[in-house]
Structure formats: C-alpha cells, structure tokens
Amino acid sequence: MRKDGQALPLLGIVRAAVGASAEFWIDVRRDGIPTFRTTTPVLSLNREEDPS
C-alpha cells in the first residue's frame with residue numbers, strides 16, 4: 001500500500017483487538033483527508049508510553 005513502512009499521523013483507532021483485524025484512520029496524504037486502513041488479524045498488543 002501507499003507509504004507502507006513510513007510513520008504516518010494516526011487520526012483514530014476504530015478497533016484493535018487480538019484475533020481481529022485492526023481498523024484505523026491515518027493521514028496518508030498529509031492534507032487532513034483521512035484514509036481508512038485495516039490489518040491482518042492482530043497477534044498481540046503492547047502499550048507504549050506517551051512521549052510528551
């Protein structure tokens with residue numbers, strides 16, 4: 001897919017659960033128009049600390 005492997009702004013998470021496809025909105029074009037993406041089934045989730 002377009003811009004795979006690049007860090008992109010995450011606009012929102014619709015669903016993220018182990019055993020199901022993740023669904024989220026990202027800003028691929030960097031113009032504020034959201035792109036909807038899904039993944040293959042999620043194998044694990046890890047919480048990351050907010051860097052701010």
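**A three-stranded sheet, told from its prolines**

Hi everyone, let me begin with Pro 9, which is found in the segment before β1. Strands here are DSSP runs of E with at least two residues, helices are runs of H or I with at least four, and both are numbered from the N terminus. Before I go on, please keep in mind that this is a predicted model: local features need pLDDT of at least 70, side-chain atom pairs count only at pLDDT 80 or more, and totals for chains, interfaces and linings use all residues. Residues are numbered from 1 along each chain as its sequence is written, and side-chain values use heavy atoms, with hydrogens and water left out.

Back to Pro 9. Is it buried or exposed? Pro 9 counts as partly exposed, because its relative accessibility is 32%; the cut-offs are under 20% for buried and over 50% for exposed, with partly exposed in between, using a 1.4 Å probe and protein chains only. What does Pro 9 touch? Setting aside residues up to four places away in sequence, its partners are Trp 25, Ile 26, Asp 27 and Arg 30, where a contact means heavy atoms within 4.5 Å. The C-alpha atom of Pro 9 is also 7.6 Å from that of Val 28, although 19 residues separate the two along the chain.

Now the overall layout. The protein has zero helices and three strands, so please don't look for an H run of at least four residues. From the N terminus on, the order of elements is β-β-β. The three strands make an open, antiparallel sheet in the order β1-β2-β3, and two strands pair if DSSP finds at least two bridges between them. Where are the edges? They are β1 (10–15) and β3 (35–41); each has a single partner strand, so one side of each is left without a neighbour in the sheet. On average, and ignoring direction, neighbouring strands are turned by 25 degrees against each other; the axes behind that angle are lines fitted to C-alpha atoms.

Let's walk across the sheet. Four bridges connect β1 with β2, residues 21–26, in an antiparallel pairing. Leu 10 has Ile 26 of β2 as its bridge partner, Gly 12 is opposite Trp 25, and Ile 13 is bridged to Phe 24. As a reminder, side chains in a regular strand alternate between the two faces of the sheet. The two strands β1 and β2 form a hairpin with five residues between them, and in the turn Gly 19 has a positive phi of about 95 degrees.

On the other side of β2, five bridges lead to β3, again antiparallel. Here Ile 26 stands opposite Thr 35. So which residues does Ile 26 link up with? It is the bridge partner of Leu 10, and it is in contact with Pro 9 and with Pro 34.

That takes us to the loop between β2 and β3, and I'll pick three residues. Arg 30 is in this loop, and it has a positive phi of about 60 degrees although it is not a glycine. Asp 31 lies in the loop as well and counts as partly exposed because its relative accessibility is 42%. Its C-alpha atom is 29 Å from that of Pro 41, ten residues along the chain. Pro 34 is also part of the loop, and at 42% relative accessibility it counts as partly exposed. Leaving out neighbours within four places in sequence, Pro 34 is in contact with Leu 11, Trp 25 and Ile 26. Between Pro 34 and Leu 10, the C-alpha distance is 9.3 Å, with their positions 24 residues apart in sequence.

To finish, some totals. The C-alpha atoms fill a box of roughly 30 × 30 × 20 Å along the principal axes. Of the 52 residues, 17% are buried. Among contacts with a separation of 6 or more, 18% come from residues 24 or more positions apart. The accessible surface is about 4,300 Å², and carbon and sulfur atoms own 53% of it; areas come from the Shrake-Rupley method with a 1.4 Å probe.

Methods
Axes are lines fitted to C-alpha atoms, for helices over the stretch in contact, and angles run from 0 to 180 degrees between N-to-C directions.
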